[in-house]
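Let's take a walk through this structure together, starting with how its parts meet and then turning to its charged pairs. Please keep the 3D view open as you read.

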Amino acid sequence: MIVILNFGSQFAHLIARRVRDLGVRAEIFPFDTSASKIKEMNPSGIIFSGGPSSVLEKGSPRPDKKIFDLGIPILGICYGHQVMARMLGGKVEKGEHREFGKEILSVRQHSNLFKGLSAKEQVWFSHGDQVNRLPKGFMATASTVGCKYAAYKSKSADFYAIQFHPEVTHTKNGTKIFESFIFSICHAPKDWKIDSVAEKTIFELKNEIGKSHVIVGISGGVDSLVAGTLLHKAVGKQLHAVFVDTGLLRKDEVKNVAALLRKQKFDLHVIDASKLFLNKLKGVTDPERKRKIIGHTFIEVFEHTIKNKLKKYPIKYFAQGTIYPDRIESAEGSKHASKIKSHHNLTLPEKFGFKIIEPIRDLYKDEVRRLGELLGLPKDMLWRHPFPGPGLAIRIVGEITPDRLHILREADAVFLEELKKAKEYEKIWQAFAVLLPLKTVGVMGDARTYEYMLALRAVDSVDGMSADWHKIPNELLEKISSIIVGRVKGINRVLYDVTQKPPATIEYE
Ligand code: XMP
């Protein structure tokens, strides 16, 4: 394994992804993880990430000093490059100007780290401070016009540092640098492959669960589907899957997901609670109240199902589809991650004394998808856009009525279907329709119409934290608009949302 110490970089996940893509397990830890804890994990190498701080500031992050005595190779990137120099006796100063963007690196010394690189390489920088004197026993290995020590290494130990970012694609040969570090320098075993991850996870789940029983809540999303399938392969009938139909799901969602799981012979409990949800939401227009009602009702339904339908089983575990970024981001206090998951992270385990089990807790989203493919799940289920817990309730502005739900479901289905047909769907991070509860005048045939407006939203994003509106070709937009107005009764006007996040959010409520 490669340990990545995170000094607050927005790129820490990218570093982990690069290493994993090369077939080596990589895990991110806080920068102040103790040397003894790292030693216990016995990693092949350590990477210090970049970060927004300046080593010149008082109280800026430092790793445990003893880390340099472990005899484990270290690669410092950007802030990591500066912190290593500073802690080992070099000098870091404010640079004359910020270096930001692409630069040409002159490779002076083809050290182990730069094997196979040319004398000039395009790399990507983003830093204000820079190393102006190396620690004793270190030598420069590369420079740029503005940065004398753009890379350095220890003459006696396996310590390497680079001021630029090899993890971003603007650094042309970034992957080669990682490859050299993890294989030529760290001699890390190449054992991170999704099929071995699957085998190992199923084996471990079997061992841990033994003869006990497990519940998994299926939401229709990728994560719970893959987590559930892994568990099903591990313990078969000891797994009980609960899929709550809130009445707020997309067209055919319940039918399709249920059919898939039944085909795999899951013990599946589809709970039709749509009437209960819609009753409780009657007359409610405030977005936060909608969310709260849905969250509480969900728990109520789940509890009821456990106490009644599942009471004969000795259930000990409650499975969740938490993935790696969820865990790391919550550990680092990102409100966003905890907000997104709060709907599904039911408080059930505490109440019932269940132990939590998270079969895909170490995986990134695209690893989850690859695993899903390996487990035989259909591609279109695995590559779907994210869908929020409160479902269509937050895509009908204002009051939710069965009528409005029907209209939205039909229009949303047309939108997604046409995007898929035009091969636009896979280029988009998230696309959906939103019902605006305003009626406007139109004309159809010879008759005047007075019907709702529909907004179409499609965004490009990496993680939902920020987003840009997706540039759907005009002809396609026009086609989608006319199919919706022609086919979906209740809509006579279609709008396309061209707002970024921020200032808008992706969802409407
Ligand atoms: P916003 O609207 O905050 O959405 O820009 C960002 C991403 O989060 C999803 N989202 C949710 N997901 N429960 C969820 O599971 C929620 O309550 C929730 N609210 C927003 C949204 O679909 C988008 O992908």
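In this predicted model, the C-alpha centres of domain 2 and domain 3 lie 29 Å apart. The contact between them draws 14 residues from domain 2 and 14 residues from domain 3. To find these parts in the chain, use the domain assignment: domain 1 covers 2-185, domain 2 covers 194-382 and domain 3 covers 395-496.

What holds your attention at this interface may be its chemistry. About 1,100 Å² is buried between domain 2 and domain 3, and carbon and sulfur atoms give 60% of that area. Six residue pairs are in polar contact between the two domains. On the side of domain 2 that touches domain 3, the residues divide into five nonpolar, five polar and four charged. One salt bridge is found across this interface. Look for Lys-251 and Glu-410, which form a salt bridge with their closest N and O atoms 3.3 Å apart.

Now step back to the whole chain. The protein chain has 16 helices and 18 strands, and its C-alpha trace spans about 80 × 60 × 40 Å along the principal axes. Of its 509 residues, 55% count as buried. Among contacts with a separation of 6 or more, 75% come from residues 24 or more positions apart.

Helix α1, residues 12-21, is a good place to see burial at work: eight of its 10 residues are buried. Among them are Ile-15 and Val-19, but also Arg-17, Arg-18 and Arg-20. After α1 comes Gly-23, with a positive phi near 95°.

Back to charge. Side chains of opposite charge can pair when their charged atoms come close. The whole structure holds 26 salt bridges. One of them joins Lys-479 to Glu-418, with the closest N and O atoms 3.3 Å apart. Lys-479 lies in helix α16 and Glu-418 in helix α15, so this pair ties together parts that are 61 residues apart in sequence. Are these two partners buried or exposed? Lys-479 is partly exposed at 43% relative accessibility, whereas Glu-418 is buried at 1%.

Another salt bridge connects Arg-457 and Asp-497, at 3.3 Å from N to O. Arg-457 sits in strand β16 and Asp-497 in the segment after β18, 40 residues apart, and the pair links these distant parts of the chain. Both Arg-457 and Asp-497 are buried. Finally, look for Arg-25, Glu-27, Arg-327 and Asp-362, which are joined into one network by salt bridges that share partners.

Terms used
Residues are numbered from 1 along each chain as its sequence is written. This is a predicted model: local features need pLDDT of at least 70, side-chain atom pairs count only at pLDDT 80 or more; totals for chains, interfaces and linings use all residues. Side-chain values use heavy atoms; hydrogens and water are left out. Domain bounds come from an automatic or database domain assignment. Contact means heavy atoms within 4.5 Å. Buried area is the accessible area (1.4 Å probe) that two parts lose on being put together, summed over both. A salt bridge is a side-chain nitrogen of Lys or Arg within 4 Å of a carboxyl oxygen of Asp or Glu. A polar contact is a pair of N or O atoms within 3.5 Å; within protein, one must be able to donate a hydrogen and the other to accept it, and residues adjacent in sequence count only if both atoms are side-chain atoms. Ala, Val, Leu, Ile, Met, Phe, Trp, Tyr, Cys and Pro count as nonpolar, Asp, Glu, Lys and Arg as charged, and the others, Gly among them, as polar. Buried means under 20% relative accessible area, exposed over 50%, partly exposed in between (1.4 Å probe, protein chains only). Helices (H or I, at least four residues) and strands (E, at least two) are DSSP runs, numbered from the N terminus.
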